[in-house]
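Here's a short set of exercises on a two-chain model, each with a worked solution. Load the coordinates and try each task before reading on.

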There are 2 protein chains.
Amino acid sequence: MNTGELVELGRQLRVDSVRASAAAGSGHPTSSMSAADLMAVLLANHLRYDFARPAHPGNDRFVLSKGHASPLLYAAYKAAGAIDDEELLTFRKLGSRLEGHPTPQRLPWVETATGSLGQGLPVGVGIALAGKRLDRTDYRVWVLCGDSELAEGSVWEAAEAAGFENLDNLVAIVDVNRLGQRGPTRHGHDLDAYARRFQAFGWHTVEVDGHDVDAVDRAYGEALSTRGQPTAILARTLKGKGVEGVEDREGLHGKPLPDADEAIAELGGPRDLRVRVHEPPAARVLHAVDSRSVELPRWDKGEKAATRDAYGKALAALGTARDDVVALDGEVGDSTRAEFFAKEHPDRYVECYIAEQQMVATAVGIAARGWVPYASTFAAFLTRAYDFVRMAAVSGSGINLVGSHAGVAIGQDGPSQMGLEDLAMMRAVHGSTVLYPCDANQTARLVAAMADLDGIRYLRTSRGGSEVIYGPDEEFPIGGSKVLRSSAEDRMTIVAAGVTVPEALAAADALGREGIPVRVIDLYSVKPVDRATLRQAAEETGCLLTVEDHREEGGLGDAVLDAFGDGRPVPRLVRLAVRTMPGSASPAEQLRAAGIDAESITAAGRLLTEQAVVP
Amino acid sequence: MNTGELVELGRQLRVDSVRASAAAGSGHPTSSMSAADLMAVLLANHLRYDFARPAHPGNDRFVLSKGHASPLLYAAYKAAGAIDDEELLTFRKLGSRLEGHPTPQRLPWVETATGSLGQGLPVGVGIALAGKRLDRTDYRVWVLCGDSELAEGSVWEAAEAAGFENLDNLVAIVDVNRLGQRGPTRHGHDLDAYARRFQAFGWHTVEVDGHDVDAVDRAYGEALSTRGQPTAILARTLKGKGVEGVEDREGLHGKPLPDADEAIAELGGPRDLRVRVHEPPAARVLHAVDSRSVELPRWDKGEKAATRDAYGKALAALGTARDDVVALDGEVGDSTRAEFFAKEHPDRYVECYIAEQQMVATAVGIAARGWVPYASTFAAFLTRAYDFVRMAAVSGSGINLVGSHAGVAIGQDGPSQMGLEDLAMMRAVHGSTVLYPCDANQTARLVAAMADLDGIRYLRTSRGGSEVIYGPDEEFPIGGSKVLRSSAEDRMTIVAAGVTVPEALAAADALGREGIPVRVIDLYSVKPVDRATLRQAAEETGCLLTVEDHREEGGLGDAVLDAFGDGRPVPRLVRLAVRTMPGSASPAEQLRAAGIDAESITAAGRLLTEQAVVP
């Protein structure tokens with residue numbers, strides 16, 4: 001498009017942003033208007049995208065990091081012919097695909113859900129990394145950022161990763177409209193301030209008037225011709241641009257325009273320009289799932305092995321069988337054992353350094369390109385990325401997260417390194433799967449099974465070695481459990497997982513010697529739980545004792561309720577969990593101090609079977 | 001100390017780091033050895049600190065951001081005479097104050113718990129901000145960082161805040177030993193790479209050989225004489241410095257030295273130098289809790305008000321009565337209503353921009369200086385700071401967090417903005433208090449009550465207006481609840497909180513009209529829960545129906561189990577919660593779609609009282 005057409009297209013995008021927000025009675029038209037010219041030039045002259053084939057491997061990828069500017073995105077879809085005007089006006093209404101913030105669950109052209117600021121660029125970095133290192137296809141990734149969101153550390157974590165990885169297929173377009181939600185940003189229209197920061201992280205930068213379509217056009221061209229570096233385009237814009245009553249004014253964030261009709265008239269009235277978006281170049285998908293069955297590592301019963309070791313070995317084996325598996329780690333691969341995969345499949349290993357948010361964002365980005373990522377760090381440090389995990393679920397992203405060094409059982413390192421909230425955090429994520437194996441063979445099976453699940457899948461591993469209690473051919477369906485001790489006379493059921501399984505078995509033996517037969521369930525699938533087995537145990541034994549190396553809230557103890565939260569009779573319950581703040585001590589001392597070792601289970605079990613209250 | 005003495009002190013700190021780790025059989029001596037000279041010069045020549053009076057308001061503040069280098073910290077404490085050699089050798093043992101990673105819960109000289117990397121500098125920024133803006137005392141804040149942790153976005157979030165706030169009382173000392181846990185860092189010994197980054201964020205930088213004690217001494221002097229900017233000292237060091245077999249070598253992170261005796265001999269053997277640390281200057285504590293009782297805002301029953309409005313008004317009133325209350329917000333103060341406080345008490349308001357990790361870190365920092373922070377943003381975005389909240393609990397920090405716009409009830413903005421995991425996340429934090437008010441008077445009372453609690457306190461507020469159902473003089477003890485409907489004939493109890501309370505009341509009315517009398521409990525204190533009232537309701541009505549605008553896992557439904565997890569009989573339970581991924585829709589449509597509105601409660605209640613299973 002030429003200058004005049006681009007200007008007209010920008011006005012159309014503004015008009016449609018105003019109209020959609022007016023029809024909805026809510027939304028962010030002023031944030032859309034500032035970026036309208038940036039979007040117009042991109043859509044008309046630079047983006048390569050087939051809206052009829054969003055899965056086309058050659059398509060450029062566009063991420064609206066400032067997800068609240070969704071009216072602009074939908075106005076662009078309309079201009080590209082992807083949606084019609086009628087649909088545009090369903091914005092923010094029940095059942096509409098056009099949500100307040102865009103999600104790929106509803107719209108095939110959206111790469112990742114945004115709306116939590118500072119996440120679009122990190123995911124864009126992940127997609128760009130996939131393009132360079134995995135897909136090896138020269139699609140470009142365009143990320144439209146707000147200026148307010150540059151206050152998020154995650155943006156600089158992403159900038160650091162992108163600069164270091166020389167992602168010249170990545171362009172960040174920053175809509176510097178100087179106004180955040182409640183008032184001016186830290187740096188206002190000081191484009192240099194942002195340029196200095198991006199440059200320091202190894203980026204090429206271009207400063208531009210974001211309403212000068214020719215200048216914007218040249219800036220995009222400069223970005224595309226830049227080699228060896230990602231480019232940040234810092235565009236000076238005005239919030240509410242084009243409508244005098246709202247332009248560059250405070251107090252108008254996230255509100256429809258006071259008088260939409262007048263604003264539309266001021267913008268020259270509605271238009272119906274159509275953009276012929278450039279076709280993507282031919283490209284092919286590189287990864288393909290190999291039909292070879294996975295040859296998982298095997299351990300003999302009675303061997304001692306840590307589940308984190310089993311994770312690393314199983315993942316390496318999975319990577320041999322499946323070309324689509326990618327491993328990521330937060331600079332602790334020697335601890336999580338992701339290094340086993342790195343050694344065998346260095347091309348499909350991404351070292352994320354100590355940057356857990358970017359690690360999860362990279363996983364989301366490469367999953368969006370069809371790869372199957374496994375991202376690992378200490379369970380404790382996955383808390384760093386919780387907002388990213390939450391948003392990955394909003395995206396419907398299929399990613400595997402693995403948290404090692406769970407619980408007090410790690411021993412001397414102390415509470416900062418102990419994942420004690422991870423089960424609660426991951427269980428609360430919509431559609432998640434939460435797995436907590438207790439031995440090496442079980443771990444290996446679950447690692448393989450995770451690959452084909454939907455949504456967020458979390459595996460919790462342990463630092464120390466434990467006895468292998470299952471044979472290598474045992475199967476562990478997701479949503480299942482294993483009954484490890486059982487008799488017709490059982491008077492109680494102990495429900496354990498991970499490191500508390502051997503403690504539960506020892507307690508069961510001790511209680512058995514006292515004449516109290518008890519059942520033991522290994523609830524390796526914490527979500528979904530094995531409702532049938534838990535219900536049967538409740539009916540047959542009358543009471544459940546749960547024991548977990550995790551906080552009392554939100555973990556195994558709460559998970560069993562999922563089998564009884566529908567109005568059926570609930571068995572008596574006792575929950576043993578970590579109730580104090582641990583210090584440094586040996587693993588055995590930690591389990592004892594937390595009251596989750598065999599002796600504590602035995603004592604609580606004794607009381608429970610006597611129908612006494614457990615203090 | 002002169003050059004020779006400083007060199008000797010550095011060697012002593014190394015020897016003691018090696019000895020402590022050897023005695024423990026674990027720990028991070030090589031990470032301690034790289035920073036030993038940096039610590040020696042600081043302790044001997046620049047730190048102003050009275051170890052006998054850690055609460056002295058004039059004390060400098062030292063934060064070991066690379067918390068795993070705890071042997072070095074404890075060796076320094078020994079050199080300063082704060083601990084003796086015997087205690088040094090208790091490192092990492094059960095009951096010792098000298099944990100694997102330092103915490104203020106155990107040691108009075110530790111400002112904040114570290115061990116999750118990238119958190120020390122953010123908290124240091126908070127302390128420095130307190131010094132400048134609240135305490136108005138010229139203590140300096142020294143933060144010893146690792147180089148690996150500079151990959152964390154939180155470090156740059158902190159750098160941005162510190163640069164913008166001109167914190168010239170803050171010095172970051174970066175121990176650039178070029179080796180992370182599993183291998184080299186991204187930038188190795190390229191000090192310029194780090195300097196460029198800090199400079200871009202407005203910092204003064206000094207590059208120095210971290211083993212040249214005179215150069216380090218000059219660098220500290222330069223930092224102290226720098227005005228208007230924080231200073232980052234980038235020190236080139238060698239991991240394991242001083243012992244040839246480990247110096248600058250990979251694969252030795254987090255391990256005692258292979259031969260401690262030989263290493264100690266190589267370092268010249270044990271020494272017992274004592275450092276006379278400089279006295280702090282005289283200073284006084286500025287804040288003091290006013291004895292005036294708080295005049296909280298009051299609403300009449302039947303008025304309509306949003307709990308977020310009540311939060312803002314109550315906090316402003318609390319700030320009037322108490323000089324120690326400080327409000328922080330993540331650039332959404334117009335939404336959370338923190339702006340009400342900002343308008344009345346601008347001197348005690350900290351605008352954190354869109355940087356939730358730094359917001360929580362700032363809260364932790366100013367709480368460490370004796371202030372009472374209230375930090376607010378959307379409940380959804382507090383997930384961004386979960387690792388900081390977790391570590392704040394490890395610190396034993398007393399901070400108030402307030403999450404607004406909770407649940408699907410926000411309406412059109414969609415799932416990215418809906419806090420649906422916050423109750424689970426906050427309940428799982430050790431020692432936390434979780435509050436979820438349903439009306440304005442209740443909110444105001446809880447806001448005031450939070451100030452005097454220990455640990456992490458979380459308040460969840462709602463976007464929309466709701467009817468005031470409590471009088472302004474009603475009291476709401478922490479750990480309490482309110483029985484809103486009750487009769488001797490009740491056949492079921494509905495447990496609700498926040499936006500589901502009016503829905504529960506409407507459902508109770510509907511069921512009453514059908515001849516099914518039901519009890520309604522407002523469980524505003526989600527943690528701790530009112531066990532007595534829940535148990536009584538269970539005994540008297542036989543079954544509980546919980547209804548919450550939150551995910552099924554970890555919230556209200558799981559919280560009630562806290563009253564029944566000790567082996568006593570458990571009532572039949574039904575949990576209504578948000579089980580799908582919402583889109584955009586009106587608040588009423590959202591509640592209906594999620595199955596948590598009055599009609600859904602009525603339908604489920606009907607089934608439950610018929611002893612049927614609720615699908």
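**Exercise 1.** Which side chain meets A:R384 in a salt bridge?

*Solution.* Start with the ground rules: this is a predicted model, where local features need pLDDT of at least 70, side-chain atom pairs count only at pLDDT 80 or more, and totals for chains, interfaces and linings use all residues. Residues are numbered from 1 along each chain as its sequence is written, chains are lettered from A and ligands numbered from 1 in the order in which they are written, and side-chain values use heavy atoms, with hydrogens and water left out.

Next, the criterion: a salt bridge is a side-chain nitrogen of Lys or Arg within 4 Å of a carboxyl oxygen of Asp or Glu. Apply that to A:R384 and you land on B:D387, with N to O at 2.9 Å.

Now try the arginine B:R384. Its salt bridge goes to A:E152, and the closest N and O atoms are 3.7 Å apart. B:R384 lies in the loop between helix 15 (379-382) and helix 16 (386-395) of chain B, while A:E152 lies in the loop between strand 2 (141-146) and helix 7 (153-164) of chain A, so this pair joins two chains. Helices (H or I, at least four residues) and strands (E, at least two) are DSSP runs, numbered from the N terminus.

**Exercise 2.** Work out how much the two chains share, and what the interface is made of.

*Solution.* First, count contacts (heavy atoms within 4.5 Å): 107 residues of chain B touch 107 residues of chain A.

Second, get the buried area, meaning the accessible area (1.4 Å probe) that two parts lose on being put together, summed over both. That comes to about 9,000 Å², with carbon and sulfur atoms giving 51%. On chain B's side, B:R186, B:R384 and B:R390 lose the most area to chain A, together 10% of what that side buries.

Third, tally the salt bridges: 20 cross this interface, and the structure holds 96 over all chains.

**Exercise 3.** Find the operation that lays chain B on chain A.

*Solution.* Superpose by least squares on the C-alpha atoms of residues with pLDDT of at least 70 in both copies. You get a turn of 180°, a shift of 0.0 Å along the axis and an RMSD of 0.0 Å. That is the relation of a two-fold axis. The same surface serves both copies, as 100% of the contact residues of chain B recur in chain A.

**Exercise 4.** Hunt for backbone oddities.

*Solution.* Keep the baseline in mind: most residues other than glycine have a negative phi, and most peptide bonds are trans.

Check omega, and a cis peptide bond turns up joining A:K527 and A:P528, at about -5°. A:P528 is in the loop between strand 17 (525-527) and helix 19 (531-541) of chain A. In chain B, the bond from B:K527 to B:P528 is cis, with omega near -5°.

Then check phi: A:D248 has a positive value near 60°. Its place is the loop between strand 5 (231-236) and helix 10 (260-266) of chain A.
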